[in-house]
Amino acid sequence: MTLNPVTAWHIDDGTSPVPAAERVLYADGAAGDALRPGVDLELSHWVPTTTPDRWAADTSTETCLRFVDDPPHEHYDLAVNNHLDVDGILSLFVLTHPDLASTHRTTVVGAAEMGDFSAGVDRPAFVLAQELTALMGRARETGATLTGTYRSAFERAQQVLAGEGREATSVSDGWHQLERGAERVADGTVAVEQVGEHLVAYVLPALDGTRLEGALRVPPHNALVDESVWLWPHVRNRDHGECVQLTSIPVADGWFHDLWLPGYTWAHTPDRWRSPWARSTGDSNVWAVQPAVARAATDLQGAERGPGTWLAAEQLTPFSGLAGRGFPVVLSYVDARRRPAPSTLPPATVAEAVGSLIDIAA
C-alpha cells in the first residue's frame, strides 16, 4: 500500500506560523516543542529524533519512503520542513509525490545521501543531487524565499526523474570531476591502503599551487561538485564510505595529514556502521568527539619534530569539525593559525598511532 500524497506543505522559516492541521509530519529537521506527542510525527534523521524504528532510515528521504511504503492508519494533512538542503527537499518531495519518488527510489535516496553524506553514488542520483544543489545556489544569490525555492525544486526534481529538460552544465562538469578522481584512485596516482576494518589511508601525490590548495580543501555540507577540490570525498566514499579515512599529501618538508570521520557521522543512521569516536550530546546534531582522538594527537605530538601542533576536534556538527578544517575532520597537523602544516611523520606512523589507540571495529 502506498500513502496518498500529502497535498499541503509548509516551510517553517520563521516568517509565518505553521498552518493549523489535524496531524503534522515533520520531515527532516527537528520539530522541537511544536510536535504534539501522539498526534504529530517526526520523520527525520536529525539527532535526537523521535522517529519510530518502524520507519527510521539513514536519510530523512528514505525514512519518508519507508513511511510511504508502510503508512499508518492515521491521516496526516500537512508536511513541514524548516531548512534548505537536498535531503530536506527530497523528504517533502517523497510525501507530496509518493508514486514518482517510489518509482525512482534508488535515485532519490542516493541523491539525499550525496547531499547529506558526500556519498559516492551513480550518475542518476548525482544528476538529481547536483541539479538541486545548483538550484539552491541560484536561489540564495537571487534572494528567493525558501517556499519558492522548494516549489522550484519540486518542479526540477520531476523533470530530472522524467528525463525532461536540459541537463545543466554544472552536472556534466561535476560528474567529470568525480570520474577524474576515480581514475586517480584506480591507476594508483592516489595510493589506498586498508589499515583496519574501518580505517583506510589515502596517500595523494605531490601537488603544488592550486592543485595542492584543492587537495587540502574540505568542502562544506551540500557542496556543489566542481573543480575546487582535487579529490572529492564522494570518490573516497564510493568504496570506503563507512570508514575513517586518513588523507596524506607529501610536500618538500613533510606531509599534510587529515583524519576524516564518515560523512554521515552527524546523523542518526541505523543502517550504517557507527564510529565509536563521536557520541551525541543531546543537542541538535551536536556530537562530542571521544577522548581517544585527543590521546592520539598527544602521542603523535610526542613523536613530532616539526614546529606545528597535532590538534583534535572536541565536537562535531554537520557544519563544523576541527577548527580551521571543518566537518568531518577530527585530527590534523596545523600551524599557529590552525592552517594545515607539514608534519615530519609519514602516513604509516600516523595510521599506526590512530589504529592502536582507537577501537576502529567497535
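1. Let's start with helix packing: helix 1 and helix 2 are roughly parallel to each other, because angles under 35 degrees get that label, and their axes cross at roughly 10 degrees. The two axes come within 8 Å. Bear in mind throughout that this is a predicted model.

2. Who touches whom there? On the helix 1 side you'll find Ser 60, Thr 61, Cys 64, Leu 65, Phe 67 and Val 68. They meet Asp 87, Leu 90, Ser 91, Val 94 and Leu 95 of helix 2. Sorted by class, the helix 1 and helix 2 contact has seven nonpolar residues, three polar ones and one charged.

3. Next up, helix 7 (residues 169-186) against helix 9. Their axes sit 8 Å apart and the packing angle is about 55 degrees. That angle makes helix 7 oblique to helix 9. As for handedness, helix 7 crosses helix 9 in a right-handed sense.

4. The residues at that contact are worth pulling up in your viewer. Helix 7 brings Trp 175, Leu 178, Glu 179, Gly 181, Ala 182 and Val 185, while helix 9 brings His 234, Val 235 and Arg 238. The class split for helix 7 with helix 9 is five nonpolar, two polar and two charged.

5. Then there is helix 10 (residues 291-303) with helix 11 (residues 347-357). Here the axes come within 9 Å and cross at roughly 140 degrees. Is that oblique or roughly antiparallel? Helix 10 counts as oblique to helix 11, because the roughly antiparallel label is kept for angles over 145 degrees. The crossing of helix 10 and helix 11 is right-handed.

6. Helix 10 makes this contact through Ala 292, Arg 295, Ala 296, Asp 299 and Leu 300. From helix 11 come Thr 349, Val 350, Ala 353 and Leu 357. By class, the helix 10 and helix 11 contact holds six nonpolar residues, one polar and two charged.

7. On to the open space. The largest pocket encloses about 350 Å³. Its lining has 31 residues, and the ones closest to the pocket centre are Ser 118, Pro 219, Pro 220, His 221 and Phe 327. Three elements give two or more residues to this lining: helix 4 (105-117), helix 5 (123-142) and helix 9 (233-240). If you care about the chemistry of the wall, the pocket lining has 17 nonpolar, 11 polar and three charged residues.

8. How many cavities of 30 Å³ or more are there? The count comes to one. The largest cavity holds about 150 Å³ of space. It is lined by 19 residues, with Ala 215, Leu 216, Arg 236, Thr 247 and Trp 260 nearest the centre.

9. Which elements give two or more residues to the cavity lining? They are helix 8 (209-216), helix 9, strand 7 (244-251) and strand 8 (254-260). Strand 8 gives the most, with four residues. By class, the cavity lining comes out at 11 nonpolar, four polar and four charged. Helix 9 keeps turning up: it packs against helix 7, gives residues to the pocket lining and does the same for the cavity.

10. Now some backbone oddities. Most peptide bonds are trans, and most residues other than glycine have a negative phi. Against that background, the bond joining Val 47 and Pro 48 is cis, with omega about -5 degrees. Pro 48 belongs to the loop between strand 3 (41-43) and helix 1 (60-69).

11. A cis bond also runs from Phe 327 to Pro 328, where omega is near 0 degrees. Pro 328 is in the loop between strand 12 (315-316) and strand 13 (329-334). Phe 327 is also among the residues closest to the centre of the largest pocket, so please keep this peptide in view when you look at the pocket wall.12. Last one: Asp 28 has a positive phi of about 65 degrees although it is not a glycine. Asp 28 is found in the loop between strand 2 (24-27) and strand 3.

Notes: Residues are numbered from 1 along each chain as its sequence is written. This is a predicted model: local features need pLDDT of at least 70, side-chain atom pairs count only at pLDDT 80 or more; totals for chains, interfaces and linings use all residues. Side-chain values use heavy atoms; hydrogens and water are left out. Axes are lines fitted to C-alpha atoms, for helices over the stretch in contact, and angles run from 0 to 180 degrees between N-to-C directions. Angles under 35 degrees count as roughly parallel, over 145 as roughly antiparallel, 65 to 115 as roughly perpendicular and the rest as oblique. A crossing is left-handed if the near helix is turned anticlockwise from the far one by less than a right angle, and right-handed if clockwise. Contact means heavy atoms within 4.5 Å. Ala, Val, Leu, Ile, Met, Phe, Trp, Tyr, Cys and Pro count as nonpolar, Asp, Glu, Lys and Arg as charged, and the others, Gly among them, as polar. On a 1 Å grid over the protein atoms alone, a cavity is a set of points where a 1.4 Å probe fits but cannot get out, and a pocket is an open set with protein on both sides within 12 Å along at least five of seven lines; lining residues have an atom within 4 Å of a point. Grid points are joined across faces, edges and corners, and a volume is the space filled by probe spheres set on the points.
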